[in-house]
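Hi,

Here is the structure I promised to pass on. Have a look at it first, and my notes follow underneath.

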Amino acid sequence: MGKENIRTLFILMICLGIFPFFVRSDYYLSIMIFIAINAIIVMGLSLLMGYAGQISLGHAAFFGIGAYCSGVLTVKFGFSIFAAFFCGIFLSTIMAMAIAIPTLKLKGHYLAVATLGFGEIIYIIFNQLLEITGGPSGLSGIPSIHFWGYSFKGGVRYFYLVWAIAILLLIFSLNIIHSRIGRALRAVHGSEIAAEAMGVNVSRFKIQVFVLSAIYASIAGTLYAHFVTFISPSTFSLFVSILLLMMVVIGGGGSIWGALLGAGILTILPESLRAFREFDILVYGVILMTILLFMPEGIFKGLTLSVTWMRKKW
Amino acid sequence: MDEEKMVTLQPILETSRLRKTFGGVMAIFDLNFTVMSGQIKAIIGPNGAGKTTLFNMITGVLPPTGGTIQFKGSQINGEKPHRIAQKGISRTFQTVELFGNMTVLENVMVGRHIRSGMGLIRSGLRLPGVKREERFILESAHEKLEMVGLTPKADEPASGLPLGEKKLLEVARALATDPQLILLDEPAAGLNETEMLRMAEIIRRIRESGMTVLLVEHHMDLVMNISDEVVVLNYGQKVTEGTPEEVKRDEKVIDAYLGVEIEYA
């Protein structure tokens, strides 16, 4: 995985471990929980975009499938939380394969178009299946997570649970990046024709990574549903898919750490702009544009470059 | 070529009535030719003679319009490029196709892809065996870098190398797949005199280690120097075939190619 990554991971875990001891406010804890949930999706997207070079405009739909599977199956059908969670993963996997197998065998950005359509279809289904999903007014009463008699209801406990899962997925992603699979993916990004000539089955790896990213989003969906205990279709609209893409771009596509950073910044930013009242969206836009103008490769790369530049200067 | 070697030679690659048309243009027309195992064979011909098209058909990038390609006795036309690579054919590209976003060493490590087998889940969980395989990949990649003399540049980004070293890196990457047949598409194009000598030396060493080399090249000195046999193509057809001496004397070649215009592209 590399010494640098292990050190960063260690620091991150310590910071997260002591965070609840210093911050007791439920508000800040819930923001941190949302960061973890977004980070899980964005890590998957970052593998897909930054490493396999493909764009998905429908990841909010996989997020939604995870959330609705957990919500509907536990509330209406009496499934256990675990069973509902795996149903979500299973359904996301099937859907992702159905989209990816025909489109990723083609060259070009067909996946973006297919996922755009898929996202809209799922969004409409969430809205129209009134008896099951509750339609536009949403589904409430989703139980909070508990197993072996231990409840994860409180903010602090859920904070640890969500971040533990996020860190495990982060380690999994880092392992992939630093393996022959990760190299094959980056090779596809560098030169598809050469990767093929080296024996890399390009379409197979693209499909695998897309399915993996859908599973990440589904996991995040389950964690979201059991935390908020209420879900409605608007949380899983096209706008959210685009916001998730923005997190990858702002953080920096080629790095899993960038994904974490992007998820963090774009989750905190709208909250911290409340002071601007009705101008918040304007300020938000200006900040995003400034970041992209001055750090076109994302904040992670941008910061790394400015640190080395400052070290040289002084 | 010495007589004794001739006797043990076996065909490793054979094309039969191979044909490729783009619309109405015949890029390759009913081409029959054979590469013997252990040979260095060169394909020469003017630009547009169909040399790169031929390479692309052998490696599966382009499907042939007609005819067959046999590798070690089994038909490979119509197979996907990655399947053909697994069977033991590797290549370099005329327009350098490196993974510019990776280091020199990592480029060669990608070449080990088909000689290793850890999948997504096992790699992600870092199950036992992953680390050992990773070490094998690394060792072998270093070995190939050593062979082309790029060891000092191992950790540099591939995109930053000068052209001559990029060409060498492509060769190292192709070697990392442990091919039986290696196709070199203009390995000396854009190289200076010293770099060309180094490339010639490396090509000879590749053959010595038991591989077969098929190359397309415009530099006649290099071709005539290192090749056991030369095929001359023009307008997608074979003009002649033989040892460098025979080809140099052939009048059809002088007419079609050497006599009219010598290219040092």
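**What I found**

Strand 1 (residues 11-22) and strand 2 (residues 25-36) of chain B run antiparallel and are joined by 8 bridges. Before going further: this is a predicted model, where local features need pLDDT of at least 70 and side-chain atom pairs count only at pLDDT 80 or more, while totals for chains, interfaces and linings use all residues. Residues are numbered from 1 along each chain as its sequence is written, and chains are lettered from A and ligands numbered from 1 in the order in which they are written.

On terms, helices (H or I, at least four residues) and strands (E, at least two) are DSSP runs, numbered from the N terminus; two strands pair if DSSP finds at least two bridges between them.

Back to that hairpin: B:Thr21 has B:Met26 of strand 2 as its bridge partner. There are 2 residues between the strands, and B:Gly23 takes a positive phi near 60°.

Chain B also has an open sheet of 6 strands, in the order 6-7-8-3-9-10, with mixed pairing. Its edges are strand 6 (89-91) and strand 10 (237-242), each pairing on one side only. The twist averages 20° from one strand to the next (axes are lines fitted to C-alpha atoms, for helices over the stretch in contact, with angles from 0 to 180 degrees between N-to-C directions). Within this sheet, strand 3 (residues 40-44) and strand 9 (residues 229-234) of chain B pair in the parallel sense over 4 bridges, and B:Ile43 has B:Val231 as its bridge partner in strand 9.

Helix 8 (residues 193-208) of chain B packs on the sheet, touching strand 3, strand 7 (181-185) and strand 8 (212-216), and its direction makes about 150° with that of strand 8. Contact here means C-beta atoms, placed from the backbone, within 7 Å.

How enclosed is helix 2 of chain B? Of the 8 residues in helix 2 (residues 51-58), 8 are buried, so the helix is largely enclosed by the rest of the structure. Buried means 20 or more other C-beta atoms within 10 Å of the residue's own, with C-beta atoms placed from the backbone. Among the buried residues are B:Lys51, B:Phe55 and B:Ile58. Just after helix 2, B:Gly60 takes a positive phi of about 85°.

Finally, the contact between the chains takes 23 residues from chain A and 32 residues from chain B. On the chain A side, helix 8 of chain A gives the largest share, 8 residues.

Cheers

Definitions and conventions:
Two residues are in contact if their C-beta atoms, placed from the backbone, lie within 7 Å. A residue is buried if 20 or more other C-beta atoms lie within 10 Å of its own, exposed if 12 or fewer, and partly exposed in between; C-beta atoms are placed from the backbone.
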